[in-house]
Each structure stands twice: as C-alpha cells, then as structure tokens.
Amino acid sequence: MKRLLFFVYGAAAYLIFLATFLYAIAFVGGFAVPRRLDGPLETSLPVALAIDCALLAVFAVQHSVMARRWFKERWTQVVPWAIERSTYVLCASLALLLLFWQWRPIGVEVWTVDDPIARFVLWTWFAAGWATVLTVTFLINHFDLFGLRQIWLQLHGRPYIPLQFKTPMLYRFVRHPLYVGLLFAFWSTPTMTLTHLFFAIATTGYILIAIQLEEQDLLAAHPEYARYRKSVPMLVPFLRWRYRRRITSSSHVL
C-alpha cells in the first residue's frame with residue numbers, strides 16, 4: 001500500500017509540474033492565461049517591486065536549497081528517498097504557481113519591435129527556448145529528473161541506482177543547455193516592458209548563481225566533471241574554443 005501511495009503522490013506531483021510548465025510558457029509569453037508577466041501597474045511601483053522580488057526569492061531559495069546535497073541528506077531522514085525528488089518538484093511547482101498568482105506587473109514599455117519578420121524571429125526564439133528546455137530534460141533522463149523513475153523503482157521493489165555522468169548532444173557544446181533555453185525564452189519578446197526586463201535580469205542573475213552551486217555538487221559527485229568543465233563553455237557555444245584559438249595565435253606571434 002505504501003508503495004502505491006508513493007507512486008500516486010509522485011505521479012500527481014509530475015502532473016502538477018506539467019500544468020505549471022505549460023502555464024509558465026503562457027505567463028511569460030503573455031497569452032491564453034488570466035495572470036501574465038506583463039500588464040499595467042496595479043499598485044505603487046515600490047510595492048510591486050517588493051512583492052515581485054519576494055516571489056522570485058521564494059522560488060530561488062526553494063529551488064537552490066532543496067537541490068543541495070547537504071539538504072537532501074537531512075531531508076531524506078524525514079521524507080523517503082522514493083518521493084524526495086517528487087517532493088522537490090512539487091515544491092518548485094507550488095513556488096511558481098504562487099509567483100503566477102501574486103505577480104505584480106509594473107507596466108512601462110521599454111521597446112517594441114514592429115517589423116513583422118523581426119517579430120516572427122523573436123517569437124521563434126521564444127518557442128525554441130522552451131522546446132530546448134523540454135528536450136534537454138529527456139537528454140539527461142526526464143523521468144529521473146522529475147521523480148518518476150524513483151517512484152517506479154519503489155513500486156516494483158527495485159533499488160535506485162544513481163545516473164552516471166554523460167554529455168549527450170547539446171551538452172557537448174555548452175555545459176548548461178537547459179539554462180540557455182530559459183535565457184532565450186525569457187529575453188525573446190517583441191515588446192519589452194519594464195516588468196519583463198526586470199524579470200529577465202533577475203532570472204538571468206539567478207541562473208548564473210545557480211550554475212555555480214550546481215557545479216560544486218557535480219564536482220563532488222562526478223570527479224570527471226572537472227575535465228568537462230575545462231573543455232566545454234558554460235553557456236555560449238564555441239566561446240572557449242575561440243578563446244583558445246586566439247591565445248594560440250598570440251603565442252605564435254610572440
């Protein structure tokens with residue numbers, strides 16, 4: 001019975017994530033949902049900024065702290081390992097849903113792209129960003145990332161074996177293709193408002209911090225990650241290769 005309850009709990013957490021993910025696309029893109037990222041200022045600017053900063057901070061703290069190894073070691077003394085990841089996914093989804101619900105738009109248009117071709121390109125980048133995020137989760141094992149593999153193994157009484165470190169497809173060009181997808185999704189918009197700009201800057205800053213935290217855990221769990229980090233750029237493809245080529249050319253001149 002306990003195994004079945006864990007399975008139902010994990011499946012429900014995953015379904016909530018899916019709904020949250022789809023809502024996030026519409027929320028940032030500004031279509032098909034009642035609460036959107038952009039909109040007119042509904043309260044005073046300081047109050048709106050304070051609320052939005054608090055909402056972003058709630059997600060950032062939850063998303064980063066619950067993912068750390070030291071937290072997991074203590075957390076799994078309370079929450080069974082089989083649903084630890086599902087609980088993390090559920091809490092992340094709830095933090096995002098809270099953000100969607102209580103978000104305070106600031107309004108104020110910063111720039112607008114009127115050219116139809118340019119608008120199409122920006123919307124294409126927006127869609128490609130979200131598609132990249134979803135695709136990358138399958139490259140690194142979508143089912144393990146969102147806790148489905150754990151509850152499935154628990155349901156069948158099989159032990160959990162951690163995934164081995166691998167660098168499939170996009171991971172050969174950048175170390176964090178999922179975050180690259182998010183950056184495209186957050187920055188690609190034909191109408192940039194002050195709200196959207198604030199959101200994009202804040203989330204970009206969080207991504208840069210989160211990468212440092214994640215890579216510390218990856219180095220501890222996978223010693224081979226150190227060599228991978230030296231050979232593959234963080235977010236910009238071919239950046240390190242170009243830098244090395246420039247250094248090599250300079251040394252030849254000297």
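Helices and strands are taken here as DSSP runs, numbered from the N terminus, with at least four residues required for a helix and at least two for a strand. On this basis Ser-64 is assigned to helix α2, and the description below, which concerns a predicted model, uses the element names that follow from that assignment.

The protein chain contains 11 helices and 2 strands, and from the N terminus on these elements succeed one another in the order α-α-α-α-β-α-α-α-α-β-α-α-α. Along its principal axes, the C-alpha trace of the protein chain extends over about 60 × 60 × 30 Å. The chain comprises 254 residues, of which 41% count as buried, and the area that the chain exposes amounts to about 14,500 Å², with 70% of it supplied by carbon and sulfur atoms. When contacts between residues at least 6 apart in sequence are considered, 78% of them are found to join residues at least 24 apart.

The packing of helix α2 (residues 45-65) with helix α4 (residues 84-102) was examined in detail. The description of two packed helices rests on the angle between their axes and on the distance between the axes. For α2 and α4 the angle is about 175° and the axes lie 9 Å apart; since angles over 145 degrees count as roughly antiparallel, the two helices are therefore roughly antiparallel to each other. On the side of α2, the contact is made by Ile-51, Leu-55, Leu-56, Val-58, Phe-59, Gln-62 and His-63, while α4 contributes Tyr-88, Cys-91, Ala-92, Ala-95, Leu-96, Leu-98, Leu-99 and Gln-102. By residue class, this contact of α2 with α4 consists of 12 nonpolar and 3 polar residues, with no charged residue taking part.

Ser-64, which also belongs to α2, has a relative accessible area of 10% and is therefore buried, the limit for that class being under 20%. Apart from residues up to four places away in sequence, Ser-64 touches Tyr-206 and Leu-213. A second buried position is provided by Leu-183 in helix α8 (residues 177-187), where the relative accessible area is 18%. With residues up to four places away in sequence again left out, the residues touched by Leu-183 are Thr-204, Ile-207 and Leu-235. Leu-183 is separated from Val-121 by 62 residues in sequence, and the C-alpha atoms of the two residues are 15 Å apart in space.

Glu-215, located in helix α9 (residues 194-221), carries an acidic side chain that counts as charged, yet the residue counts as buried because its relative accessibility is 2%. The side chain of Glu-215 is joined to that of Tyr-225 by a polar contact of 2.7 Å. Once neighbours within four places in sequence are set aside, the residues in contact with Glu-215 are Arg-175, His-176, Tyr-225 and Arg-229.Three loop residues were also considered. Arg-36, in the loop between α1 and α2, is partly exposed, its relative accessible area being 36%. The side chain of Arg-36 reaches the backbone oxygen of Val-33 at a distance of 2.9 Å. Neighbours within four places in sequence aside, Arg-36 is in contact with Phe-27, Gly-30, Phe-31, Trp-103 and Pro-105. Arg-36 and Arg-104 stand 68 residues apart in sequence, whereas the distance in space, C-alpha to C-alpha, is 9.2 Å.

The loop between α1 (2-29) and α2 also holds Ala-32, for which phi is near 70°, a positive value in a residue other than glycine. Ala-32 has a relative accessible area of 71% and is therefore classed as exposed. A positive phi near 70° is likewise found at Val-108, again a residue other than glycine, and this residue is situated in the loop between α4 and β1 (109-112). With a relative accessible area of 54%, Val-108 is exposed, the cut-off for that class being over 50%.

Methods. Residues are numbered from 1 along each chain as its sequence is written. This is a predicted model: local features need pLDDT of at least 70, side-chain atom pairs count only at pLDDT 80 or more; totals for chains, interfaces and linings use all residues. Side-chain values use heavy atoms; hydrogens and water are left out. Axes are lines fitted to C-alpha atoms, for helices over the stretch in contact, and angles run from 0 to 180 degrees between N-to-C directions. Angles under 35 degrees count as roughly parallel, over 145 as roughly antiparallel, 65 to 115 as roughly perpendicular and the rest as oblique. Contact means heavy atoms within 4.5 Å. Buried means under 20% relative accessible area, exposed over 50%, partly exposed in between (1.4 Å probe, protein chains only). A polar contact is a pair of N or O atoms within 3.5 Å; within protein, one must be able to donate a hydrogen and the other to accept it, and residues adjacent in sequence count only if both atoms are side-chain atoms. Accessible areas come from the Shrake-Rupley method with a 1.4 Å probe; for residues, only the protein chains shown count as cover.
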